[in-house]
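Visitor: Could you pull up the model so we can poke around in it together? I'll throw short questions at you as they come.

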Amino acid sequence: MEFAWSEEQVAFRREVIRFAQQELNERLIERDLEEEFSWDAWKKRANFGIQGLPIPEEYGGGGADILTTVCGLEALGYGCRDNGLIFALNAHMWSSEIPLLTFGSPAQKKKYLAKLVNGDWIGIHAMTEPMSGSDAFSLRTRAERKGDCYVINGSKTFISNAQVAEMVIVFANLDPSKGAAGISAFIVDKETPGFTISKKLHKMGLRTAPMAELAFVDCEIPVENLLGKEGDGQLIFTSSMEWERICILAGHLGAMQRMLETSVRYARERHQFGKPIGDFPAVSDKIADMDIRLEAARLLLYKAAWLKSKGRHPLREAAIAKAYVAEACVQSCLEAIQIHGGYGYMTEYQIERELRDAISGKIYSGTTEIQKNIIARFHGL
C-alpha cells in the first residue's frame, strides 16, 4: 500500500496552507463573538478553487479526485482557524454541489453548478425537522403534485448556511404510505413565494457559520425542479452523506495537527518548577496521545477516501472514520486546553474555541451513536 501523497498533492497542500494562513484568519475572535459569516473569505476561497475541487472542469471546477480533495480540505483545516467557515464550505459542497452533480438534469447542472463553484451562490439542503433528527426519514414536510407544479408544506430546522443561501435542496414526503421510499428531493430558489427563513439559531460553536429554521407554506415549484426521480430522496441523501462523512472531517485532521504543534511549542516554552512542562510525564503523555489519535484518524479517513476513489461504497469505513475522527478531535482539544492550563481556557489563546467547534462533529452528519449503529449492522446487529 502507498501511504505518501504525490509531489503534485504535496505542492497543492503547501499552497492551500499558505493561502489559508494569509487570507482566512482575520478578526476571527471578533467574528466568532459576533456570529459573523465572512463573504470576503468565501469569495477568496472560491477564487482559489476550493469550492470546486471535486467538480468537473466543464462546470468551472478543478476535477480533483476524492483523495486530492481530502488533502486540500485537511490543509485548509490546518491553515484556517475559522472552523465555522470550513464547516459552511462542507455543508455547501456535499449537500448541494454533489447531489446536483450526481442526480441533476443537464438543465439543473447548467443553471446552478457554475454559480455554486465560483462563489456567487451558496447552496444548502434541508432534511432535519423539529421532530426528526437521527430518524432522518421520518419527515412531516409534504410535497404534492398539482399539474405542472409541486406544492411543498412543512418546516426544517438546524439548516446550515440558511441565511446566506440562494438555493435549497429540500427533502419532502411525496407518498407517506411508502415510508422512506416516498421521499423526494426538490430544488427551491431563495425568492420562491412560500419559502421563508423563519428563525435564526445561535450555537455553542461554529458560530461563523449561520444556521436557521426554514418554513414552506404552499411553496409552489415547477416539476423541472424535482431532483432525480420521484422517490429518489433516500438515495440522494445517502449518496451525499457518503461523500460528507468522508470529507467533512478532513478539516479536523488539519486542526488536530495544528493543536498538536501548538501544544508541543507551549510544552517546550512554558517552565514550571525550574524546567519545561514537557519534561513532566503528565504533559508529555498527553502530547503522545494527541499524536496517536492524529495518526489513527488520518489512516481511517484516508482509507475511506481511497475506497471511494476505487469505485467502492465505503459505508462502513466512512462511519468508522466519522465516529473516530469526531471523538478524537474533541479529546485532543481537551488535552490541548489542559496542557495550556488557564491560558487554554482564555479566548485570547483561541484553543477554547477549537473545543466548542469540535464538539459539533459528534452530532452533524449523523451522531457518533448513529455511526456505531451503522457499523453494528455490518455484524448483523
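**Pockets and loops**

Visitor: What's the lining of the second largest pocket like, by class?
Guide: This lining has 8 nonpolar, 1 polar and 2 charged residues. Nonpolar means Ala, Val, Leu, Ile, Met, Phe, Trp, Tyr, Cys or Pro, charged means Asp, Glu, Lys or Arg, and the others, Gly among them, are polar. A pocket is an open set of 1 Å grid points over the protein atoms alone where a 1.4 Å probe fits, with protein on both sides within 12 Å along at least five of seven lines; lining residues have an atom within 4 Å of a point.

Visitor: Any caveats?
Guide: The model is predicted, with local features needing pLDDT of at least 70 and side-chain atom pairs 80 or more, while totals for chains, interfaces and linings use all residues. Numbering starts at 1 along each chain as its sequence is written, and side-chain values use heavy atoms, without hydrogens or water.

Visitor: Which residues lie nearest the centre of that second pocket?
Guide: Of its 11 lining residues, Glu2, Phe3, Leu67, Tyr302 and Trp306. Helix α9 (residues 281-309) gives the most to this lining, with 4 residues. Helices (H or I, at least four residues) and strands (E, at least two) are DSSP runs numbered from the N terminus.

Visitor: And how many residues line the largest pocket?
Guide: There are 40, with Thr128, Ile363, Tyr364, Ser365 and Gly366 nearest the centre. Helix α7 supplies the largest share, 5 residues. By class, the lining of the largest pocket splits into 20 nonpolar, 15 polar and 5 charged.

Visitor: New topic. Where does Phe273 sit?
Guide: Phe273 is in the loop between β9 and β10 (275-276). Its phi is positive, about 55°, although Phe273 is not a glycine.

Visitor: What about Leu206, which phi does that one have?
Guide: Near 50°, a positive value in a residue other than glycine. Leu206 lies in the loop between β6 (195-200) and β7 (211-222).

Visitor: Is Leu206 buried or exposed?
Guide: Buried, with a relative accessible area of 6%. Phe273 counts as exposed, at 78%. Buried is under 20%, exposed over 50%, partly exposed in between (1.4 Å probe, protein chains only).

Visitor: And where is Arg270?
Guide: Arg270 is in the loop between α8 (250-269) and β9 (271-272). At 29% relative accessibility, Arg270 counts as partly exposed.

Visitor: What is Arg270 in contact with?
Guide: Leaving aside neighbours within four places in sequence, Arg270 contacts Lys275, Pro276, Ile277 and Tyr343, contact being heavy atoms within 4.5 Å. Arg270 and His340 are 70 residues apart in sequence and 8.8 Å apart in space, C-alpha to C-alpha.
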